[in-house]
Amino acid sequence: MRFDFSTIIQDILQKSYGDEATSLFEKSLLLQYLNLKTRSANKDSKSRSSFANLYAIYVIVEDYMYHGFDKKGNYAAYEGALYKDLIERQQNLPFGKTLQNHALNNRMNAEFQKFFPTAPYIPILRNLETKRYWFNENLLKITLKDKEINIAYTIIEVINAYIKAKQYSFKVFFEALEELQTNNSAIEDKKAFVKSLLICSTDARLFEIVSYAILKYYYSNQTIFWGYTKENLTEDTLKLYKTGKTNANDGGIDFVMRPLGRFFQVTESLDFKKYFLDIDKIQKYPISFVIKSDEPIETITRKIRENAKKAFAIESIIEKYMSCIEEIINIPMLTVFFDEIVEKELFNDLLDEICKQSKYEFNYIENINNDYGIIS
């Protein structure tokens, strides 16, 4: 398959291997895997990135090159890279701050096998007892015309090029955000930009950030009165807090509202098991779901219920779970909330929030030192 970034991969191969570039690509499952994983590179910042699995490859191959095994051989006798060093390296790479251990431990291998079910090798090898890791050297050594080629440096070069491309798209994104925060931009341009982030193809983390910013400022002017006695009530504005990293697979709840104690969970799935699992996490406490979907709320609710019926034969169990869904907020509802924020003249505050949260969550770094093909 060819994508926009395929041309860059081909250029890298052509520069290093000349006429053998095409044959090398066709024989290398690892290069073909990178081709599939880097297809979002030349799209905008809203497209989903693939840093976790790519960085799992990157840090182990980088360790392989650091110790000179691409030149001297004898990798089979190597004691392996330490897990703590690999995860620390991952998190120091651009966009890698929030990455966890899933890709290193299984996710990258599982996806590789999904793409290439007949492949004789898995990429990442590990010893659970010693927490040492290796990259399968069979995927780094390609034989062409009785000549063995080690593509370790090329793998690093391709991933570096992907990172540069994604950094550029984020640079454009942040520059657009900062430009919109000035008085030079027309309000309609500002509104159009934010609404362009409220689409189903938006990166899951960015959607969560924008959802949080919209909900935070939508509720910010709403007040409630509460207290322990009727004679002694307190007036409070509603405040929304993020409770962890975006899209972090940490099992937590995404947002919580004070002083009402409302919980919000952001998702792009319509799988009822995901909803019921979140409900179970908090002991069937009521929860609102922010869903990356354009479908009407009635349709979403019906689909959740119908899918639940296929798994649960007992109506009372289904109703118990469904009653815990306090509210469903879809993309059209977020758009309505956004329009109200604009009317309340809180738009610049919302842009500030999106910019701040995005730079933090995506670990946005502008400069890469590429003198040796290795990110520093």
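How many bridges pair β2 and strand β3? Select residues 132-135 for β3 and bring up β2 beside them: you'll find four bridges, in the antiparallel sense. Keep in mind as you click around that this is a predicted model.

Stay with the strands for a moment. Pick L125 and you'll see W134 of β3 standing opposite. Now add β1 to the view, and you have an open sheet of three strands, ordered β1-β3-β2 with antiparallel pairing. The edges belong to β1 (81-82) and β2 (124-127); each has a single partner strand, so one side of each is left without a neighbour in the sheet.

Next, select residues 51-66. That's helix α4, which lies across β1, β2 and β3 and runs at about 90° to β3.

On to the core. Show the largest nonpolar core, 99 residues, and highlight I57, F135, L215 and L350, which have the most contacts inside it. Helix α8 (residues 152-180) gives the most to this core, with 14 residues. Zoom in on L350: leaving aside neighbours within four places in sequence, its contacts are V194, A213, I214, Y217, F338 and I341. Then hop over to a second, separate core of 18 residues, where I282, F289, A308 and M322 are among the members.

Last stop: colour by pLDDT. The protein chain averages 86, and 90% of the residues score at least 70. Residues 41-47 fall below 50, with 26 contacts in the model beyond near neighbours in sequence. Residues 366-376 are also below 50, with 29 such contacts. Where pLDDT is low, don't read the predicted coordinates in detail.

How values were computed: Residues are numbered from 1 along each chain as its sequence is written. This is a predicted model: local features need pLDDT of at least 70, side-chain atom pairs count only at pLDDT 80 or more; totals for chains, interfaces and linings use all residues. Side-chain values use heavy atoms; hydrogens and water are left out. Two strands pair if DSSP finds at least two bridges between them. Helices (H or I, at least four residues) and strands (E, at least two) are DSSP runs, numbered from the N terminus. Contact means heavy atoms within 4.5 Å. Axes are lines fitted to C-alpha atoms, for helices over the stretch in contact, and angles run from 0 to 180 degrees between N-to-C directions. pLDDT is the predictor's confidence in each residue, from 0 to 100. A nonpolar core is a set of buried Ala, Val, Leu, Ile, Met, Phe, Trp, Tyr and Cys residues joined through side-chain atoms within 4.5 Å. Buried means under 20% relative accessible area, exposed over 50%, partly exposed in between (1.4 Å probe, protein chains only).
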